[in-house]
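Here are a few exercises to work through with the viewer open. Try each task yourself before reading its solution.

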Amino acid sequence: MGLKREADPDAARQAALELLDGVLRDRRPLDELLDDPKSSFASLEGRDRAFAHALVATALRRTGEAEAILAPFLQKPLPKSSGAAALILLLGVVQLRFLDVPAHAAINQSVALAHADFKAKHFAGLINAVLRRVAAALPIESDSIHRNVPDWLWKRWVKAYGDETAAAIARAHLSEAPLDLNVKSDAPGWAARLGGLLLPMGTIRIRSNPTPVIDLPGFGDGAWWVQDAAAALPAILLGDVSGKHVADLCAAPGGKTAQLASGGAIVTAIDSSAERLKRLEENMVRLALPCRTIATDLLKWKPDENFDAILLDAPCSATGTIRRHPDLPYVKAEPQIVELARLQAKMLDRAATWLKPGGILVYCTCSLEPEEGERQIDRFLAGDETFQRLPIKPDEIGGEVQFINKNGDLRIHPGMAIGSETGLDGFFAARLKREAAS
């Protein structure tokens, strides 16, 4: 007796399957897929949209664990001719084990997804049987947190930080990042009004936010902007910028630009993407903060006059932001880190020539990889004796001494705590001073 034909899959799960396929098979960034107006996801609204996003994000965060749960119930890997069957099983396990979806809904909808796929429909019976066995089995404890991290990335973190810290990083990536806000003034007052927690250095953290950001109090008035607590630290390292001419290089999306302008700096924000720079400009208009913007390749551009201070947030692998972008381990590859490190070196060397004698340059990346942080600064200082490192002091960053490495640079990983809170973007920042004119 053949398997009974199920109803069509619901729109949210169909969209989730398409998104997951785009990331894992086509290696397209999740944000790009979410913004595609032609995608199934674009037609979803409300709870369906939220569920599809949660399903995909959880699947990306816990791929290794889900595969370990499936392994005992699959005698051999699915053939290439099975279409989307493997991804359907992955989404089914995620619903059963990590999202508390009722078993009947998760299983029936997974079978419906299979029937809707020309190749996977031949494996609908297998999908049904496997997921029923998963639902009936006792939970399988993961023997190692690194199951969810690609081998190449896990090995890098263990080499750079050791097993314990690498595990803490991987564990932090299992949770969705909270909403962090930076305010123009009266941080304690806004923390109370928004129901958030005031972190060291003035960032407001909202742990749970069911309300769209644009509907929160203060958004329309330009009272604050979204910015991770770790990402807010590099601009602080420039000190008092009031009245100074400051270059914010690779400036988009603009959180650091807003910080500098809010501190009274005369800011020139430079980015290679005119589209991203346009969004920065719109945000600065909302915040009623002045800045000059230039869309250009900074490797080909040079200023008419040198700057008092420079903030270079260089393009990087962004491995410190996996909490926010769980697709990153699947769309990035190790060779890209080498290529990015070469680009960073060129940018740093060029930007350094635009700094006035006695000026400060802060170099930063949202990467956990030493080639994009510590080694980049070692290389630069070895080749330019007119610069010296200005070590960061704990009282400059709210007393968070654990953020400072042995060289006096900022090194943050996602498993660290800030104040009473855990969870941050991974970040590196070094502060350099150009020798004053004799």
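The exercises below deal with a predicted model, and each task is followed by a worked solution.

**Exercise 1. A helix pair**

Task: Describe how helix H1 (residues 11–24) and helix H3 (residues 46–61) pack, and sort the residues that meet there by class.

Solution:
- Start with the geometry. The two helices pack at an angle of about 35°, and their axes are 9 Å apart.
- Next, the hand: H1 and H3 make a right-handed crossing.
- Now pick out the residues. H1 brings Ala12, Arg13, Ala16, Leu19, Leu20, Val23 and Leu24, which meet Asp48, Phe51, Ala52, Leu55, Val56, Ala59 and Leu60 of H3.
- Sorting them by class gives 12 nonpolar and two charged residues, with no polar ones in the contact of H1 with H3.

**Exercise 2. A four-stranded sheet and its helix**

Task: Work out the strand order of the open sheet of four strands, then find what helix H10 (residues 187–194) touches on the sheet.

Solution:
- Read across the sheet: the order is E2-E3-E1-E4, and the pairing is antiparallel.
- Strand E2 (197–198) and strand E4 (224–226) are the edges, each pairing on one side only.
- Then look at one pair inside. Strand E1 (residues 179–183) and strand E3 (residues 204–206) run antiparallel and are joined by three bridges. For Leu181, the bridge partner in E3 is Ile204.
- Finally, add the helix. H10 packs on the sheet and touches E1, E2, E3 and E4, with a direction about 10° from that of E3.

**Exercise 3. A glutamine in a loop**

Task: Is Gln227 buried or exposed, and which side chain does its own side chain meet in a polar contact of 2.8 Å?

Solution:
- Place the residue first: Gln227 sits in the loop between E4 and helix H11 (233–236).
- Check its accessibility. Gln227 has 6% relative accessibility, and the cut-off for buried is under 20%, so Gln227 counts as buried.
- Look for the partner: the side chain of Gln259 makes the 2.8 Å polar contact with that of Gln227.
- Leaving aside neighbours within four places in sequence, the residues in contact with Gln227 include Asp180, Leu181, Asn182, Thr203 and Lys256.

**Exercise 4. An enclosed strand**

Task: How many residues of strand E8 (residues 307–313) are buried, and which strands pair with E8 in the parallel sense?

Solution:
- Count the buried positions: they make up six of the seven residues of E8, so the strand is largely enclosed by the rest of the structure.
- One partner is strand E5 (residues 245–249), which pairs in parallel with E8 over four bridges. Here Asp248 is opposite Leu311 of E8.
- Another is strand E9 (residues 355–365), parallel to E8 and joined to it by six bridges. In this pair, Phe307 has Leu355 of E9 as its bridge partner.

**Exercise 5. Backbone oddities**

Task: Find where the peptide bond from Ala252 to Pro253 lies and what form it takes, then look at phi for Ala288 and Ala318.

Solution:
- Keep the usual case in mind: most residues other than glycine have a negative phi, and most peptide bonds are trans.
- The bond from Ala252 to Pro253 is cis, with omega near 15°. Pro253 is in the loop between E5 and helix H12 (255–262).
- Ala288 is not a glycine, yet has a positive phi of about 55°. Ala288 lies between helix H13 (274–287) and strand E7 (292–295), in a loop, and is exposed at a relative accessible area of 62%.
- Ala318 also has a positive phi, about 60°. Its loop runs between E8 and helix H14 (328–331), and at 14% relative accessibility Ala318 counts as buried.

Technical notes: Residues numbered from 1 in each chain as written. Predicted model: local features only at pLDDT ≥ 70, side-chain atom pairs only at ≥ 80, totals over all residues. Heavy atoms only, no water. Axes fitted to C-alpha atoms, helices over the stretch in contact; angles between N-to-C directions. Left-handed = near helix turned anticlockwise from the far one by under 90°. Contact = heavy atoms within 4.5 Å. Nonpolar A, V, L, I, M, F, W, Y, C, P; charged D, E, K, R; others polar. Pairing = 2+ DSSP bridges. Buried < 20%, exposed > 50% of the residue type's maximum accessible area, 1.4 Å probe, protein only. Polar contact = N/O pair within 3.5 Å; in protein donor to acceptor, adjacent residues only side chain to side chain.
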